[in-house]
Each structure stands twice: as C-alpha cells, then as structure tokens.
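Me: I am new to this structure. Please show me how to read its strands, helices and contacts.

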Amino acid sequence: MKKFIIRPSAPMYEMPAHQLKELLAANITPELPGFTYNGTYIWYAPWKDHCRKVIRVYPLKGCSAVFLWGLCFDFLPVFSSGGYLRYQRTDKSVGLHLFCWPPGHWNPVPKQSVSCRFSRFGRNPKDVKAQVLQAFHEAQGLFVPWFQSCCDLPGALAEARRQCTDPDSRLNRPAPDYVYAFLLAANGDVQAGMEALEMYWKCQLDQDFPVTLYDKLRARLQSCAG
C-alpha cells in the first residue's frame, strides 16, 4: 500500500503592528495630500466649515482591518465613559462622527468584490503590503466622491439623513440619528434639531445615562447654531 506523507504547510507571516504603522506612513500618506497621519491608523485634514475629513484603518478580528472614511465636527459632543461629554477638536482627539463602512461590509454573503479590507497575515511582507494598497485603492474609489458631496455642512446633513435609514450604518457610534440632530442645528434649524434629539433620546432610555445629560445635550445643540 502506497504511503502518503503529509508535509506541514509553510508558516504564515504576520506583520507586527509597529511595522504596519510604518508601512502605512510610507505608502498611504503620500497618496493623501493635505492629510496628516497621526501614526495610529488615522489621517485627518484641516478644519473647514466646522468639519474635517478623516480616514481611518479600523482593526477587525483575526488581525484584519478595514479602511473607513468620514467627517469629524467641532460642535458635536461625544459620550465618554461615565456619561460625560467631550469634543474631538484637537489633532490628538480626532475621531469619526459621520462615516461609512464599505458597501456590504455587514452582509456575510456574498463576499463583496470591493471590501477595502486587508490582513496582517500573508506569505511575506510584500504580500501584506500588496493587500494594504489594494484595500486603500478600493476605499479611495469610494471616499473621493463621498467627500466631494459631503465636505460641507449641507452635504453632511443630507448624508446623515440618508444614514438614519441605512442598515449598514445601524452600528455606527455616534449614531446617525444623534449626528443628524446636531447637523440640523448647525445648518440653522434648531427647532428641528431639538425634535430629532428628543426622538434619539427616547430610544436611549434603556442606557445608563444620567438624567441631567439630556439637558446638557439640548444646551450644546442650541449653542452650535450660533
């Protein structure tokens, strides 16, 4: 009887996190003129009309990651642990407020041809680099037109309104409904913003938020219209 010998497969290479950051700085930053790389997976543009463009590499399970893109607003308070509010106005605190996942990211099947995703695992460093560049160029084909239509407050308001009913945005934090309320006020419609904030708050009553937080949110929403 013929014997079959099972040979172990070649070990898979895993790029260390620090090396990935160096790869991103060397290969992605030059393709984003006008953006600054903070060294920890985020690129941001200068402030314009109370918002700035942001691109982020978001880590996923299994040493994979995906490119996200969106806007950060100087008037939008975000929730910290303990129910406190803070702004993300500095370069060190920049974050994504109104942002997109690649189309179909939350659908398990069928696998999307454009995933904007890469892995730190590969045959070698060159293979990981190729994955990163492919994922970035896929994302670039999506975020360039997105920024063109959403780079000001009216455009951001229209996008937030769309995301409020988009299943792909249901897990975004901050929630599109919350962002939409503040964008209404920032675009001059404080009354509609207050109504949208009230609707959002009613859906959060099961959360462990201090009762006084709602009054603070109302005050901050009103102030962002001035």
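Me: Start with one strand pair. In β9, which residue is the bridge partner of Val 66?

Reply: Arg 117 in β9 is the bridge partner of Val 66. Strands here are DSSP runs of E with at least two residues, helices are runs of H or I with at least four, and both are numbered from the N terminus. Two strands pair if DSSP finds at least two bridges between them. β5 and β9 (residues 117-119) run antiparallel, joined by three bridges.

Me: What kind of model is this, and how are residues numbered?

Reply: The model is predicted: local features need pLDDT of at least 70, side-chain atom pairs count only at pLDDT 80 or more, and totals for chains, interfaces and linings use all residues. Residues are numbered from 1 along each chain as its sequence is written, and side-chain values use heavy atoms, with hydrogens and water left out.

Me: Over how many bridges do β4 and β5 pair?

Reply: β4 (residues 51-59) pairs with β5 over nine bridges, in the antiparallel sense. Pro 59 stands opposite Ala 65 in β5. The two strands form a hairpin, with four residues between them. In that turn, Gly 62 has a positive phi of about 75°.

Me: Over how many bridges do β5 and β8 pair?

Reply: Three, again in the antiparallel sense. There, Leu 71 stands opposite Leu 98 in β8.

Me: Is β5 mostly covered or open?

Reply: First, the general idea. In a regular strand, side chains alternate between the two faces of the sheet. Next, the cut-offs: buried means under 20% relative accessible area, exposed over 50%, and partly exposed in between (1.4 Å probe, protein chains only). β5 is mostly covered, with ten of its ten residues buried.

Me: Now a helix. How many residues of α4 are buried?

Reply: Ten of the eleven are buried, so α4 is largely enclosed by the rest of the structure. Among them are Tyr 178, Val 179 and Phe 182.

Me: What do the buried residues of α4 pack against?

Reply: Contact means heavy atoms within 4.5 Å. The buried residues of α4 pack against β5 (64-73), β6 (78-79), β8 (98-100), α3, α5 (190-202) and α6 (212-223). After α4 comes Gly 188, whose phi is positive, near 105°.

Me: At what angle do the axes of α3 and α4 cross?

Reply: Axes are lines fitted to C-alpha atoms, for helices over the stretch in contact, and angles run from 0 to 180 degrees between N-to-C directions. The axes of α3 and α4 cross at roughly 150° and come within 9 Å. Angles under 35 degrees count as roughly parallel, over 145 as roughly antiparallel, 65 to 115 as roughly perpendicular and the rest as oblique. α3 and α4 are therefore roughly antiparallel to each other.

Me: Which residues of α3 and α4 meet?

Reply: From α3 come Leu 153, Ala 156, Leu 157, Ala 160, Arg 161 and Gln 163. From α4 come Pro 176, Tyr 180, Leu 183, Leu 184 and Ala 186.

Me: Where does Ser 169 lie?

Reply: Ser 169 lies in the loop between α3 (153-163) and α4 (176-186). Ser 169 is buried, with a relative accessible area of 5%. Not counting residues up to four places away in sequence, Ser 169 touches Gln 163 and Pro 176.
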